[in-house]
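Visitor: I would like a close look at a single part of this protein, the loop that holds one leucine, and then a walk outward to the rest. Could you take me through what can be seen there?

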Amino acid sequence: MLSIPLTPSQQTYLSHLTSIPLEKLTSEPSVLQTQSHHLTSSLTSLTHTSYPTFLTLHTTTKALSQSLETLSSSLDTLITESLPTLENTVNGWKNRTDGVLRERHKARVVLDQHDKIRDMLDIPVLIDACVRNGFFSEALSLASHASTIAEKAYASEAPPLILDSILAQVQQAVTHMLCSLLATLHESNRKLPALWKAVNFLRKMDVFTEPHESADVQSEDQIALAFLSGRNSCDVVDKDQEDFSRYIKKYIDVWREGVHDLIMQFHTIFLERTKGVSDASVDDAAFQRLHTLLTTYALHALNTYLLPTISEALPCLPLASIPSILTQLTYCANAFARVGFDYSGAIGGIMCKAIRNSAAREERAAVDAVAEKRKSSFQEQSRFKKPSEWLVLPSQLSMPASSPSALMHSHDASPHQPPLVLASYPPMVDLTNAILTTFNSLRLVAPVDISLQLLEDLDAVLQDCAESLKGYIVAFCGDMADEPPDSDSDDAREKGAAISAGEVYFTVFVPYIRTALMEGVYGQQLLMEPGEPGSMSQSLESVCREWGSWLEGRRIPRTSG
């Protein structure tokens, strides 16, 4: 038998039925029917009186149901689509803003430490300012302060990267200070207080390497060696170049005044007295003996004191100082000529020798400077500096090709105007300026007798420079037989620029410098036939032929200078 589940109201009504008496129970159906008719009547009456309310309620309920369905759909869309999209967007926003936040955090840290960072950045500038103004003690204190900050920073786990840059600048400023102190030892006009100060600061800097205890040389010994080397170079070399000519002039004046006064005194006391003797034969004989005695003394004073001194001193002077000394010697000779003792012929050979030696020395110094640049072009492990780094201007690599004949006619024929093509080659510019400076000094005192000898010395200098340049170019270019003729690689352009420099040197520079000497200084036309006076020396001509032979063996087009 199946049991039907009852609702609470049904269960209550059943409990009510079981509790009433039988009489009421039997009358219950009629009571229920009566109540049903009453309810039906009441509902009918309510329907007729409240139907607008029912209609409104129905409409409202329908609208509410539609709103709830729309809300349910919107909520489903929000849950299934919008919220995941929002979550993804939020995650992406976090990823995009992490970098910005980190940068803002760094900027905030920098802003918080702005004063300290500014003080650290000012340290190299302050050290450099102290060094330039001679406040070496303050510079050392600032360098020590920077080292202390660096030690504390490196002791932490993450030292700031800017500290490396600051320390590098501090080290550069300290190195500048070291160079300044060492330069003080090489200055000729420095006295004891300045030298004492420089040496004391060199001790405080402790820049000289401390050797092991068993070593023979200590830091103090190295400072002492630097002191002796510096003072020797400035007192012996620099002073010779700057002050020696003044000492020679003063010596000539002292010699002229002393000997000239003695001659005049002797002439007044002895020769004029002899002329007053009545006996003419005694007068002539005594005069000749006294005059011979005076001449002997004058020659002795000349050969013992003046000529040996200027013979040793003039070759040590720069060429620019010789004209003024020659003028003084000429004035001195004219003064003695008025008293019958003209020695101007004796100084001609000495001046020619001095002028030749000084000119050759200055030309050699110019070539040696270029040779030092050439040596610095060789690096370790058989690697070379590129020509664009020292020999030619980088812009020259992209210049179009030119033939040697075009190079020969690319400059003004005037010996006083350097070829413009040389401006593309810094070493040749330096060499040209140095040699032309020598020629300008030579122009004031240019003995014709030694013109060919000066040209021979110039050819020897040009030969050494040519061999040095040719050696670099041959070593840098190597075997270029396999190089494609139309190659446009960086290596091919560098090699072409090196060969271009060689062509400019042999085709333009050498002829111009020789012309500048002979035509620019002496006004003499150069002779090009071999063996004739003024022609190119055999050694220089041999180097030029070797360059031409090597160049003809290359299979790449010649490039312009």
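Guide: Happily! Let us begin with the cut-offs: a residue is buried under 20% relative accessible area, exposed over 50%, and partly exposed in between. Leu-393 has a relative accessibility of 33%, so it counts as partly exposed. Please keep in mind that this is a predicted model.

Where does Leu-393 sit? Its place is the loop between helix H13 (387-390) and helix H14 (404-408). If we set aside the neighbours within four places in sequence, Leu-393 is in contact with Ala-423, Ser-424 and Pro-426. One of these partners deserves a second look: Ser-424 lies 31 residues from Leu-393 along the chain, yet their C-alpha atoms are separated by 5.5 Å.

That pairing leads us to the whole chain. Among contacts in the protein chain with a separation of 6 or more, 73% are between residues 24 or more positions apart. The chain has 18 helices and zero strands, and 32% of its 561 residues count as buried.

For a buried residue to set beside the leucine, turn to Gln-328, which is in helix H11 (residues 322-337). Gln-328 has a relative accessible area of 13%, which is under 20%, so it is buried. Outside its neighbours within four places in sequence, Gln-328 is in contact with Lys-249, Ile-252 and Asp-253.

Burial can also be followed along an entire helix. In H17, 27 of the 32 residues are buried, so this helix is largely enclosed by the rest of the structure. H17 covers residues 490-521 and has a kink of about 35°, centred on Tyr-505. After H17 comes Gly-523, with a positive phi near 70°.

The opposite case is Ile-79, found in helix H3 (residues 28-112). With a relative accessible area of 54%, which is over 50%, Ile-79 is exposed. Ile-79 also belongs to a nonpolar patch on the surface, together with Leu-64, Leu-68, Leu-71, Leu-75, Leu-78, Leu-83, Leu-86 and Val-90. Together, the residues of this patch have about 820 Å² of accessible area. As for the surface of the protein chain, about 34400 Å² is exposed, and carbon and sulfur atoms supply 58% of that area.

So here are three residues to compare on your screen: Leu-393 is partly exposed, Gln-328 is buried, and Ile-79 is exposed.

Note on methods
Residues numbered from 1 in each chain as written. Predicted model: local features only at pLDDT ≥ 70, side-chain atom pairs only at ≥ 80, totals over all residues. Heavy atoms only, no water. Bend = angle between axes of the 7 residues up to and from the residue. Helix = DSSP H or I, 4+ residues; strand = E, 2+ residues; numbered from the N terminus. Buried < 20%, exposed > 50% of the residue type's maximum accessible area, 1.4 Å probe, protein only. Patch = residues over 30% accessible without salt bridge, like charges linked within 9 Å, V, L, I, M, F, W, Y side chains within 5 Å. Areas by Shrake-Rupley, 256 points an atom, 1.4 Å probe, with all protein chains shown as cover. Salt bridge = Lys/Arg side-chain N within 4 Å of Asp/Glu carboxyl O. Contact = heavy atoms within 4.5 Å.
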